[in-house]
Amino acid sequence: MGIVLKRSRSSNAELAYPVMILLNLPGCAFCRRSEAEDLKAVWSFLWEGKFEMVIRDRVKAAGGFCAHHNRLVYEVAKRDDLTAGLAEIQELVIAGVRSNLDHRPSNRRRPWQRESPSPAIPAAGPCLLCQYRVEAESRMATFLADRLAQPESLEVYLASDGFCLPHLRMVVAEADSGTASRLVQDLDRRLADIRSRLTEYRRKRDYRYRDEPRGDEQHSALDATRQLGRQRFAAGEASALTGDAPNTRNESESGHHAGRLAGK
Ligand SMILES: [Zn+2]
Ligand SMILES: [Zn+2]
């Protein structure tokens with residue numbers, strides 16, 4: 001089921017083509033794009049999504065957001081002066097959580113009574129913004145797999161920093177077998193390079209070799225971390241570099257379409 005946020009109506013190309021442009025920047029271009037889309041989804045939720053009943057119900061039923069989005073929603077609300085709207089949503093979430101709490105008084109058990117199950121706090125539901133992110137990334141992966149089947153696009157990708165492992169896994173799963181095998185070979189080359197630099201790094205940590213000049217093995221652990229997992233960019237960097245920053249508005253500004261670009 002699609003999530004009723006405006007961004008979910010973007011076409012695949014609109015959502016994913018910027019990844020191809022971002023390939024000339026350092027790091028995983030898929031991560032950059034996904035992070036920018038994530039910020040937009042948060043902003044869109046705070047600005048308009050939170051007024052839609054179906055979204056309010058889902059957020060309430062889920063008991064709020066995951067830890068990542070809980071923080072991000074707060075950061076965006078604070079940045080764009082949307083904290084009054086956030087407070088209202090938080091009241092709603094808290095009301096939902098409280099209504100599901102087990103209010104049974106703690107009766108002292110008599111020796112002949114069976115122990116009743118102790119109260120538990122109901123598990124949190126799926127995070128709405130995570131669901132949106134999963135859907136958006138899956139559409140990006142499909143588009144990119146298609147795009148990379150074109151030799152000129154593949155050349156651009158091979159010359160770039162490449163995608164992180166989780167994102168490449170998604171793209172390869174959608175690619176035709178020829179493209180998939182080029183991408184896998186390229187990944188293997190990148191992993192072999194990082195691995196040999198990690199080994200070299202550990203060797204130079206040995207006191208016997210510690211006077212040897214330092215090289216690019218010094219940041220191999222950071223490179224491996226970036227390759228193996230998702231990458232995070234400094235706040236706003238993912239979007240600001242593309243000129244694709246989410247609109248930011250002051251809640252007190254009039255006019256629903258009076259957006260201005262984040263000026264950082
Ligand atoms: Zn990535
Ligand atoms: Zn989430």
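Here are some notes on this predicted model, starting with the overall fold and then moving to a few spots worth a look.

1. Overall make-up. The chain has 11 helices and 2 strands. Going along the sequence, the order is α-α-α-α-α-α-α-α-α-α-α-β-β, so to speak a run of helices with the strands at the end. Of its 264 residues, 28% are buried.

2. Long-range contacts. Take the contacts between residues at least 6 apart in sequence: 74% of them join residues at least 24 apart. One pair to pull up on screen is L25 and D161, which sit 136 residues apart in sequence. In space, their C-alpha atoms are 7.9 Å apart.

3. L25 itself. You'll find L25 in the loop between α1 (12-22) and α2. L25 has 16 C-beta neighbours inside 10 Å, so it counts as partly exposed; the cut-off for buried is 20 or more.

4. Helix α2. Just after that loop comes α2, residues 29-47. Its 19 residues, at 1.5 Å a residue, should span 27 Å, and the end C-alpha atoms are indeed 27 Å apart, which agrees. Of those 19 residues, 18 are buried, so α2 is largely enclosed by the rest of the structure.

5. The α6/α8 pair. Helix α6 (residues 128-147) packs on helix α8 (residues 165-174) at an angle of about 55°, and the two axes are 8 Å apart. That angle makes α6 oblique to α8, a label used here because 55° falls neither under 35 degrees nor in the 65 to 115 range. The crossing of α6 past α8 is right-handed.

6. Who makes that contact. On the α6 side the residues are E137, A141, T142, L144 and A145, while α8 brings M170, V171 and E174. Sorted by type, the contact of α6 with α8 comes to 5 nonpolar, 1 polar and 2 charged residues. When you look at the spacing along each helix, keep in mind that an α-helix has 3.6 residues a turn, so residues three or four places apart point the same way.

7. An odd backbone angle. Most residues other than glycine have a negative phi. D81 is not a glycine, yet its phi is positive, at about 55°. D81 lies in the loop between α4 (67-79) and α5 (83-99). Is D81 buried or exposed? Neither quite: with 14 other C-beta atoms within 10 Å, D81 is partly exposed.

Key:
Residues are numbered from 1 along each chain as its sequence is written. Chains are lettered from A and ligands numbered from 1 in the order in which they are written. This is a predicted model: local features need pLDDT of at least 70, side-chain atom pairs count only at pLDDT 80 or more; totals for chains, interfaces and linings use all residues. Axes are lines fitted to C-alpha atoms, for helices over the stretch in contact, and angles run from 0 to 180 degrees between N-to-C directions. Helices (H or I, at least four residues) and strands (E, at least two) are DSSP runs, numbered from the N terminus. Angles under 35 degrees count as roughly parallel, over 145 as roughly antiparallel, 65 to 115 as roughly perpendicular and the rest as oblique. A crossing is left-handed if the near helix is turned anticlockwise from the far one by less than a right angle, and right-handed if clockwise. Two residues are in contact if their C-beta atoms, placed from the backbone, lie within 7 Å. Ala, Val, Leu, Ile, Met, Phe, Trp, Tyr, Cys and Pro count as nonpolar, Asp, Glu, Lys and Arg as charged, and the others, Gly among them, as polar. The expected span of a helix is 1.5 Å times one less than its number of residues. A residue is buried if 20 or more other C-beta atoms lie within 10 Å of its own, exposed if 12 or fewer, and partly exposed in between; C-beta atoms are placed from the backbone.
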